[in-house]
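Me: Could you take a close look at a single part of this model for me? I'd also like to see how the whole chain around that part looks.

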Amino acid sequence: MTYSSETHALSINPATGETLAAYPWATTTEVDRAIAQADRGFREWRNATMAHRAQKLRDLGAALRARAEEMAQMMSREMGKPILQARAEVTKSAGLCDWYAEHGPAMLATEPTLVENQKAVIEYRPLGPILAVMPWNFPLWQVLRGAVPILLAGNSYLLKHAPNVLGSATLIGEIFDDAGFPQGVFGWVNATNDGVSQAINDCRIAAITVTGSVRAGAAIGAQAAAALKKCVLELGGSDPFIVLNDADLELAVKAAVTGRYQNTGQVCAAAKRFIVEEGIAEQFTARFVAAAAALKMGAPDNEEHYLGPMARFDLRDELHQQVQATLAEGATLLLGGEKVAGAGNYYPATVLGNVTPEMTAFRQELFGPVAAITIAKDADHALTLANDSDFGLSATVFTADQQRADAFARQLECGGVFINGFSASDARVAFGGVKKSGFGRELSHFGLHEFCNIQTVWKDRV
């Protein structure tokens, strides 16, 4: 049977072009039903003890591990994630559940305040049902890194997942059921853009969290503001990877290749603009190109393949247009740069040299396996180039001088700085950006408190 994207969300295997499944778009009534269920789930869940909520997170981690291979294979089929990286995503997500179960309750404990009689306290209360609009590039981790702290705080979580990974959304829902969560505490709905607007404007939805493009974040953020609802936005990035003359070249190249090409380059916080001080630029470039050329690309279910297909054909076409535009603007093609013929949605590891700030690859986010190398005259110039971006998600600095690295970190305009290592998210530390990369934070106690009513309770104040 043939389905239309106007009536159904289509899950298409990017390695073969095969349609895996079709999911009808939710009607207005179905969106309302999903919100009502999330509201009922919240009314029950908010009254559960903190110990019970923490135990359910442990149960969720166990349920994930029990179906780890099924979850990994689903992500690999739906968005082309190389299977070893898919398995690592499941392991990381299960660990997130365990970490918040162990450490989260203390972060939500009652806090005395410094008032004269010590009879005022801060309480962390849940807000209500939280609408989450999530992307396809990490179909499990992106969902859980928001859902786990949101649920521990006593909220319910209503997911609108990317339309090409609804098999993953279905499986995540089943895993929550396996873990014994009450109905409505976690749910998902295949909403259209109009359905998302309907949910934002529904009084039962308390707040919104979005991970996605700048365009999507701006649209949803504007609607949330009009409805006077809090939102957290984790949007795009064009992260600088700075290599100074005194850097450990071998370590820098290894981190650069991983930081750019993991998940086939489809990572918001991936290294994208490689800014290299001129004294080491020739050596770095040669080694980087050789290492990128050695990456194996192919079917994502093959453990030997580090690069899989890009998730969607339109995204590959857009990336290729950005590459061609940058070359027309005067950059040099050092590796790759051509779409791979055949049914799969493959694009090779690509490296662009002699990229300057006015070029497309410097100004726009490259969401795929393309690296742009820019030469800096000196360290000050490297810092200027790094900050010359509309984005501010994360940045990397490679240098043997720790004091200089610390000075760079103080001046870099971004949410996270990684010294002598590539960027990543971790449950223990805050994650988020500035400028057009969004606002608000996920993970750590900051992410846990984002969707709490931080309530001051006075006692006997006369």
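Reply: Happy to! Accessible areas here come from the Shrake-Rupley method with a 1.4 Å probe, and for residues only the protein chains shown count as cover. This is a predicted model, in which local features need pLDDT of at least 70, side-chain atom pairs count only at pLDDT 80 or more, and totals for chains, interfaces and linings use all residues. Residues are numbered from 1 along each chain as its sequence is written, and side-chain values use heavy atoms, leaving out hydrogens and water.

Now the part itself, an open sheet. Three strands (DSSP runs of E, at least two residues, numbered from the N terminus) make it up in the order S3-S4-S20, with antiparallel pairing; strands pair if DSSP finds at least two bridges between them. Its edges are S3 (111-112) and S20 (452-458), each of which pairs on one side only. Between S3 and S4 (residues 120-126), which run antiparallel, there are 2 bridges. One bridge partner pair is Glu111 with Ile122 in S4.

Stepping back, the protein chain holds 15 helices and 20 strands, helices being DSSP runs of H or I, at least four residues. Its radius of gyration, 23 Å, is close to the 23 Å given by the globule rule for 462 residues, so the chain is as compact as a globular protein of that length. (The radius is taken over C-alpha atoms; the rule is 2.2 Å times the number of residues to the power 0.38.) The C-alpha trace spans about 70 × 65 × 40 Å along its principal axes. As for the surface, about 18,800 Å² is accessible, and 52% of that belongs to carbon and sulfur atoms.
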